[in-house]
Amino acid sequence: MNEAQAAFTDEELTAYLDGEADAELRSRVELVLTTDAALAQRLQTLDLPVAALRDVFSAAALGAPQMPEGLIPASRPARAPLRLVAGMAMAFGLGVLSTYMLQPGPQPQTAPGWKAVVASYQSLYITDTVANGSQPAEVTAEVLDGFSSRQGVDLSPAQTVEGLEFKRAQLLGFKGKPLLQMAYLGPDGVPVAFCIIRSSGADKAMQSEVLAGMAAASWVSDGIGYLVIGGQDQSFVDGVAADLQGKLG
């Protein structure tokens, strides 16, 4: 880690990714990003669901300390393309395993913020996930009314958004806090989500960002955090966010 990167803690970079960094920190990060590609890579790493990845590739899951069977090179001849793929997979697996095993002990982990977790979840969505998930109106009303009554925000206007087909609302959770997800089908079948969670931060104006490779826009108002995410069309997502912000006040 170079001197410029060492100037930032994981907590500061996570706050930057989540749009919760103050103006001074945001300016410092963006200044370094103009000259330090390694910082962009570090940010990308923090944007991943690190804890989940560690679980998947943990020593226990891989059968450490014994070499996992799936990582032992096959002795029988293989065609060149297959051998190449197997070699790449083995190198990846060994890299993850060696990184895990060479760590001197339990390391402090920076938990991803709610927006990073939502983005990881949203990245699993495909057109069919949303297109085949229409919800009866009475169920939608029950979900929205339940969340609205507890959080003090009326979300019923968010069912109608220009350019989106509303499909369903579902109650999720993040660190013990209710998190509501409203799912839409966008142009060309692009899944779009509108997520709402109680926030302890100060009000923040809407900002555009990229999370897990998807266009996103977020803001905080009256103790509620809002996030619109889906696809790669930033101008479209910004327009949807502005529409929703206007509807919800």
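On the surface of this predicted model, Tyr121, Leu124 and Leu172 come together to make a nonpolar patch of about 280 Å². To find Leu124, look at the loop that runs between helix 8 (114–122) and helix 9 (127–131). Leu124 has a relative accessibility of 64%, and because anything over 50% counts as exposed, Leu124 falls in that class.

Helix 8 also takes us to the second largest pocket, since it is one of the elements that give two or more residues to the lining. This pocket holds about 410 Å³ of space. It is lined by 29 residues, and those closest to its centre are Asp18, Glu20, Trp114, Lys177 and Ser199. Besides helix 8, the elements that supply two or more lining residues are helix 2 (10–17), strand 3 (191–198), strand 4 (204–211), strand 5 (214–221) and strand 6 (224–229). In character, the lining of this pocket is mixed: eleven of its residues are nonpolar, ten are polar and eight are charged.

Let's turn next to the salt bridges, of which the structure holds five. One of them joins the side chains of Lys115 and Glu209, with 3.1 Å from N to O. Lys115 belongs to helix 8 and Glu209 to strand 4, so this pair ties together parts of the chain that are 94 residues apart in sequence. How accessible are the two partners? Lys115 has just 3% relative accessibility and therefore counts as buried. Glu209 is buried too, with a relative accessible area of 11%.

Another salt bridge brings together the side chains of Glu165 and Lys167, at 3.4 Å from N to O. Here the partners fall in separate accessibility classes: Glu165 is partly exposed at 43% relative accessibility, while Lys167, at 8%, counts as buried.

A further pair sits within a single helix. Lys247 forms a salt bridge with Asp243, and the closest N and O atoms are 2.6 Å apart. Both residues lie in helix 11 (residues 234–248), where a spacing of four residues corresponds to about one turn of the helix. Lys247 counts as partly exposed at 34% relative accessibility, and Asp243 is also partly exposed, at 22%. The value for Asp243 is above the 20% limit under which a residue would count as buried, which explains why Asp243 is placed in the partly exposed class.

Salt bridges can also share residues, and there is an example here: Glu12, Glu24 and Arg28 are linked in a network.

Finally, it is worth a look at the backbone in two loops. Most residues other than glycine have a negative phi. Against that background, Asp188 has a positive phi, near 60°. Asp188 is found in the loop between strand 2 (177–185) and strand 3, and with a relative accessible area of 82% it is exposed. Ala212 likewise has a positive phi, near 50°. This residue lies in the loop between strand 4 and strand 5, two strands that each give two or more residues to the lining of the second largest pocket. At 35% relative accessibility, Ala212 counts as partly exposed.

Notes: Residues numbered from 1 in each chain as written. Predicted model: local features only at pLDDT ≥ 70, side-chain atom pairs only at ≥ 80, totals over all residues. Heavy atoms only, no water. Patch = residues over 30% accessible without salt bridge, like charges linked within 9 Å, V, L, I, M, F, W, Y side chains within 5 Å. Areas by Shrake-Rupley, 256 points an atom, 1.4 Å probe, with all protein chains shown as cover. Salt bridge = Lys/Arg side-chain N within 4 Å of Asp/Glu carboxyl O. Buried < 20%, exposed > 50% of the residue type's maximum accessible area, 1.4 Å probe, protein only. 1 Å grid on protein atoms, 1.4 Å probe; cavity = no way out; pocket = protein on both sides within 12 Å on 5 of 7 lines; lining within 4 Å. Points joined across faces, edges and corners; volume = space filled by probe spheres on them. Nonpolar A, V, L, I, M, F, W, Y, C, P; charged D, E, K, R; others polar.
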